[in-house]
Amino acid sequence: MDRQKINNIDKPATRKRGNRLGFWFFEMFIRISGLYGAYGFLYIVSLYYIIFDKEAVYSAKPYIEKRFPQSGYFKKYLHIYRLFISQGRQLIDRFSVICSKKDVFDLKLNGYEKLKNIIQESEKGLILLTSHFGNWQIALTALNKLDKKVFLLMREEDNQAVRDFLNVGNEKGDINIISPEQEFGGVIEIVNALSKGHIVSIMGDRRYGSKASKVNFLGDYAYFPYSAFAIAASAKCPVVVLLAAKNSAHEYVVDVTNVLYPQCSRRKKDIELVPWLQQYADILEEFANRYPYQCFLFHDIWKDE
Amino acid sequence: MNLDDIRKLLKELLIESLSLEDIEPDDIGDDEILFGEGLGLDSLDAVEIVVLLQRNFGLEVKDMNQGKEIFYSINTLAKYVYENTRT
């Protein structure tokens, strides 16, 4: 049978960075030096990656070249360096929350009341569209107070840190995993969860082998997967775009104000869903313009796979 | 409804909900494989079938293991509907 991908199915082509020893070292470092000490250490670590990890630099280039088209050779590398530092800070933030098991950061939630009303008014669930922009893992924890069961569409084995952080697998936790590495890419479980009023979180900005449509993003045509929108259209439920930006040293702004209601009645989903995909791309572009160093795509989405 | 009626209805519903162009109900074989090499459906089409079963027959496909068996062909789909809607 066909194993058409919905999302996150293919193994990433890039090698995984970090190991148990590295995590242990970082945990100790955060405990001893505090958050700012760990941030400072990032300047050295990021420099190492800039010089020695060509793969990491190469994967960051497409976004940087689109976001900063006027930059020369050295300026480009400076942007990539800043992007690495920014990503490192957000990884440390996630890690410090895991280690301390308490609220280290203030989470300002925009659009919470709107989201709460949508949930109350509809018997159906909703699709939470996450992206490689900002810190979506921290964003998800902000939604704990909705008191809804959340399903994440993601490969299990690659995300132990995320699982720990989000309390996945813990009986008291409200987050469950739907693996896309199964027959029909997990859609049966997704539709069932939505019909029972649960929240299903799907990454919307990288296709990982799934079908995609071209939309305008940062001045050029990029390929965005449309499966999340197609599922929402079939299940007749809304798509809520979830974004979380680090606003200051101890504050994240979590935004759920953008709610989309995709519709497509016919077979040409790749064409019919483009208006909603474009809206999503516009939301991401606005985010990238506002927070240029919090876009962690690390993939050339402007190139067809 | 007997099995023949369910097969016919399922073919019509599939054509309508998946907007299969230039295909008549009689063009779909009862044992034709629906996904992959057969009718060529993919996982987004599986979404439509799950929803179709919920809306038209009030049936829920529990998981992918069950779905794999049920979604094999029109015959397996019809058998599932027949066995689970009999009163």
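A:D93 is buried, with a relative accessible area of 0%. The model is predicted. This report starts from that aspartate, then moves through chain A to the contact with chain B.

**A buried aspartate**

A:D93 sits in helix α3 of chain A, which spans residues 73-100. Its side chain makes a polar contact of 2.6 Å with the side chain of A:K246. Beyond its neighbours within four places in sequence, A:D93 touches A:L35, A:Y39, A:F105, A:N135, A:I138, A:K246 and A:Y252. A:K246 thus appears in the contact list and also as the partner in the polar contact.

**Chain A as a whole**

Chain A holds ten helices and eleven strands. Of its 305 residues, 55% are buried. Take the contacts in chain A between residues at least 6 apart in sequence: 76% of them join residues at least 24 apart.

**Sheet and hairpin**

Six strands of chain A form an open sheet in the order β4-β3-β5-β2-β8-β11, and the pairing is mixed. Its edge strands are β4 (175-178) and β11 (259-260), each of which pairs on one side only. Strand β3 (residues 150-153) of chain A runs parallel to β4(A), with four bridges between them. In this pair, A:V150 lies opposite A:I175 of β4(A).

Another strand pair in chain A is antiparallel. Strand β6 (residues 212-217) is joined to strand β7 (residues 220-225) by six bridges. A:F217 faces A:D220 of β7(A). The hairpin of β6(A) and β7(A) has two residues between the strands, and A:L218 has a positive phi near 55° there.

In general, strands of a sheet pair through backbone hydrogen bonds, in either a parallel or an antiparallel sense.

**An enclosed helix**

Why is helix α7 (residues 187-195) of chain A described as largely enclosed by the rest of the structure? Eight of its nine residues are buried, so the rest of the structure largely encloses α7(A). The buried residues are A:V187, A:I188, A:E189, A:I190, A:V191, A:N192, A:A193 and A:L194. After α7(A) comes A:G197, which has a positive phi near 90°.

**Cysteines**

How many disulfides does a search of the whole structure find? The search over all chains returns zero. A:C264 shows why a bond is missing at its own position: the closest cysteine sulfur, in A:C237, is 12 Å from the sulfur of A:C264, too far for a bond. The cut-off for a disulfide is a sulfur pair within 2.5 Å. A:C264 counts as buried at 17% relative accessibility. A:C295 is buried too, with a relative accessible area of 1%.

**Chain B: a buried leucine**

B:L13 belongs to helix α1 (residues 3-17) of chain B. B:L13 is buried, with a relative accessible area of 13%. Leaving out residues up to four places away in sequence, B:L13 touches B:L18, B:L52, B:N56 and B:F57. B:L13 and B:N56 are 43 residues apart along the chain, yet their C-alpha atoms are separated by 9.1 Å.

The table collects buried residues from both chains.

| Residue | Relative accessible area |
|---|---|
| A:D93 | 0% |
| A:C295 | 1% |
| B:L13 | 13% |
| A:C264 | 17% |

**Where the chains meet**

The size of an interface is often given as the accessible area lost when the parts come together. Between chain B and chain A, the buried area is about 2400 Å², and carbon and sulfur atoms give 59% of it. In chain B, the residues that lose the most area to chain A are B:S43, B:L44 and B:M64, together 25% of what that side buries. The contact takes 28 residues from chain B and 28 residues from chain A.

What polar links cross this interface? The rule finds five salt bridges between chain B and chain A. A:K269 forms a salt bridge with B:E48, and the closest N and O atoms are 3.4 Å apart. Across the same interface, eight residue pairs are in polar contact, with both residues at pLDDT 80 or more.

On the side of chain B that touches chain A, the elements giving two or more residues are α2 (43-57) and α3 (64-70) of chain B. α2(B) gives the largest share of that side, ten residues.

How values were computed:
Residues are numbered from 1 along each chain as its sequence is written. Chains are lettered from A and ligands numbered from 1 in the order in which they are written. This is a predicted model: local features need pLDDT of at least 70, side-chain atom pairs count only at pLDDT 80 or more; totals for chains, interfaces and linings use all residues. Side-chain values use heavy atoms; hydrogens and water are left out. Buried means under 20% relative accessible area, exposed over 50%, partly exposed in between (1.4 Å probe, protein chains only). Two strands pair if DSSP finds at least two bridges between them. Contact means heavy atoms within 4.5 Å. Buried area is the accessible area (1.4 Å probe) that two parts lose on being put together, summed over both. A salt bridge is a side-chain nitrogen of Lys or Arg within 4 Å of a carboxyl oxygen of Asp or Glu. A polar contact is a pair of N or O atoms within 3.5 Å; within protein, one must be able to donate a hydrogen and the other to accept it, and residues adjacent in sequence count only if both atoms are side-chain atoms.
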